[in-house]
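Biologist: Hi! I have a new structure to go through and would love some company. Could you pull it up so we can chat about it?

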Amino acid sequence: MKSLKVVFLGTPEFAKTSLEAIHQSHHEVVGVVTVADKASGRGQKINQSPVKVYAVENNLPVFQPEKLRNPEFLEELRKLEADVFVVVAFRMMPKVLFEMPKMGTFNLHASLLPDYRGAAPINYAVINGEEKTGATTFFINEKIDEGNILLQEEIPVLGDENAGQLHDRLMEMGSKLVVKTLNGLAENSIIEKPQPEVEHPKNAYKIFKEDTKIDWTKSSREIHQFILGMSPYPAAFTTLKIGEDEKGLKIYDGKFEILNHDHSVGSLEISKSEFKIYTKDGIYYPSELQLEGKKRMNIKDFLNGFRNFDEIKMA
């Protein structure tokens with residue numbers, strides 16, 4: 001089978017797994033483009049992206065341009081004479097970059113396009129209670145996630161699976177799909193096809209802090225899916241009033257019960273043995289949570305941390 005010369009562009013762990021799969025295949029990684037190192041945390045320690053760490057460990061040439069239109073960077077890439085660029089969890093690319101290789105540039109996206117275009121497809125698949133999702137490889141064009149589809153594969157979303165668990169399964173499946181796509185391009189056996197025209201495709205917009213607040217007026221099932229879809233990152237939250245203080249409370253997991261009640265929606269019932277939040281059609285029982293300023297813990301340890309439950313209310 002023909003071997004392709006590949007430039008890989010990506011940043012997080014999700015991308016690293018695809019880079020590793022290409023590197024272990026018969027295709028040749030001639031360059032790796034990733035984000036610049038940056039200082040973070042209390043000690044302002046310099047952090048390298050998972051993609052860079054893997055590339056350095058495996059002696060792959062690394063490029064970390066501040067600007068993707070930088071002429072010197074573009075010239076360096078041209079010299080590599082890559083057949084194809086592969087993009088996984090990177091950033092918006094200028095036309096001058098994605099049109100450079102003769103075969104084009106393809107992207108791996110963690111959804112069944114055209115649904116869930118955007119930054120958070122895995123989160124929204126869980127939040128919306130989808131029964132299936134998948135991954136798509138497609139040629140990049142000037143519109144976000146709208147290029148011609150190369151290959152697509154689906155997997156079921158498992159019951160009570162959170163976004164982190166689904167992320168890990170899609171990461172493994174997606175990495176195999178990337179290699180399969182490279183093989184198909186090398187053999188000229190893939191027929192690219194335009195994305196289906198859908199009047200109202202489901203969106204996966206970037207998630208901001210204000211989007212992660214739990215709306216207790218929704219149904220128990222919707223609340224449960226929302227919490228799973230935000231877990232473990234960025235994490236769904238609500239606000240507690242403890243005495244005079246207001247504190248954010250992240251909820252990572254729990255269970256719910258459907259029943260009629262006469263409590264006000266969003267009210268709290270808390271004791272040494274249980275933590276109940278009333279929804280419009282039942283009760284939600286958090287099982288893993290994190291109070292602002294504390295570490296993540298199970299419900300038993302959380303409740304053991306309080307002496308006076310009367311002073312805890314929903315803010």
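Biologist: Let me jump straight in: which residue of β14 does Ile258 stand opposite?
Modeller: Ile258 faces Gly282 there. Before we go on, keep in mind that this is a predicted model.

Biologist: Noted. How many bridges join β11 to β14, and in which sense do the strands run?
Modeller: There are 9 bridges between β11 and β14, the latter being residues 282-291, and the two strands run antiparallel.

Biologist: And which way does β10 pair with β11?
Modeller: Also in the antiparallel sense: β10 (residues 236-242) and β11 (residues 245-258) are paired over 7 bridges. If you want a spot to click on, Thr239 has Gly248 in β11 as its bridge partner.

Biologist: What does the turn of that β10 and β11 hairpin look like?
Modeller: The hairpin has 2 residues between the strands, and Gly243 takes a positive phi there, near 65°.

Biologist: Nice. Changing topic: how many salt bridges does the structure hold?
Modeller: The count is 15. One of them is between the side chains of Lys102 and Asp83, at 3.2 Å from N to O.

Biologist: Why would that pair of Lys102 and Asp83 interest me?
Modeller: Lys102 is in the loop between α4 (95-98) and β7 (105-109), while Asp83 is in the loop between α3 (71-80) and β6 (84-88), so the salt bridge ties together parts 19 residues apart in sequence.

Biologist: Is Lys102 buried or exposed? And what about Asp83, buried or exposed?
Modeller: Lys102 is exposed, with 70% relative accessibility. Asp83 is buried, at a relative accessible area of 8%.

Biologist: What is the salt-bridge distance between Glu146 and Arg117?
Modeller: Their side chains meet at 3.9 Å, N to O. This pair links distant parts of the chain, 29 residues apart: Glu146 sits in the loop between β8 (132-139) and β9 (149-156), and Arg117 in the loop between β7 and α5 (121-127).

Biologist: Why does Arg117 count as buried?
Modeller: Its relative accessibility is 19%, and the cut-off for buried is under 20%. Glu146 is partly exposed, at 33%.

Biologist: How far apart are the closest N and O atoms of Lys202 and Glu130?
Modeller: They are 2.8 Å apart, and the two residues form a salt bridge. That pair also links distant parts of the chain, with the two positions 72 residues apart in sequence terms: Lys202 is in the loop between α6 (163-187) and α7 (220-229), and Glu130 in the loop between α5 and β8. Lys202 is partly exposed at 36%, whereas Glu130 is buried at 18%.

Biologist: Which residues are joined into one network by salt bridges that share partners?
Modeller: Lys95, Glu99 and Glu142.

Biologist: On to pockets, then. How much space lies in the largest pocket?
Modeller: About 1400 Å³. Its lining has 41 residues, and those nearest the centre are Ala89, Gly118, Ala119, Ala120 and Pro121.

Biologist: Which elements give two or more residues to that lining of the largest pocket?
Modeller: They are α1 (13-23), α4, β7, α5 and α6. The most comes from α6, with 4 residues.

Biologist: What is the chemical make-up of the lining of the largest pocket?
Modeller: It divides into 24 nonpolar, 8 polar and 9 charged residues.

Biologist: And the second largest pocket: how much space is in there?
Modeller: About 210 Å³. Among the lining residues are Ile127, Asn128, Asp211 and Phe226. Here α7 gives the most, with 4 residues, and the lining divides into 4 nonpolar, 2 polar and 5 charged residues.

Biologist: Last one from me: where is Thr34 found?
Modeller: Thr34 is in the loop between β2 (28-33) and β3 (38-40). With a relative accessible area of 0%, Thr34 is buried.

Biologist: What does the side chain of Thr34 make a polar contact with?
Modeller: One partner is the side chain of Ser49, at 2.8 Å. A polar atom of the Thr34 side chain also lies 2.8 Å from the backbone oxygen of Gly10.

Biologist: Lovely, thanks for the tour!

Key
Residues numbered from 1 in each chain as written. Predicted model: local features only at pLDDT ≥ 70, side-chain atom pairs only at ≥ 80, totals over all residues. Heavy atoms only, no water. Salt bridge = Lys/Arg side-chain N within 4 Å of Asp/Glu carboxyl O. Buried < 20%, exposed > 50% of the residue type's maximum accessible area, 1.4 Å probe, protein only. 1 Å grid on protein atoms, 1.4 Å probe; cavity = no way out; pocket = protein on both sides within 12 Å on 5 of 7 lines; lining within 4 Å. Points joined across faces, edges and corners; volume = space filled by probe spheres on them. Nonpolar A, V, L, I, M, F, W, Y, C, P; charged D, E, K, R; others polar. Pairing = 2+ DSSP bridges. Polar contact = N/O pair within 3.5 Å; in protein donor to acceptor, adjacent residues only side chain to side chain.
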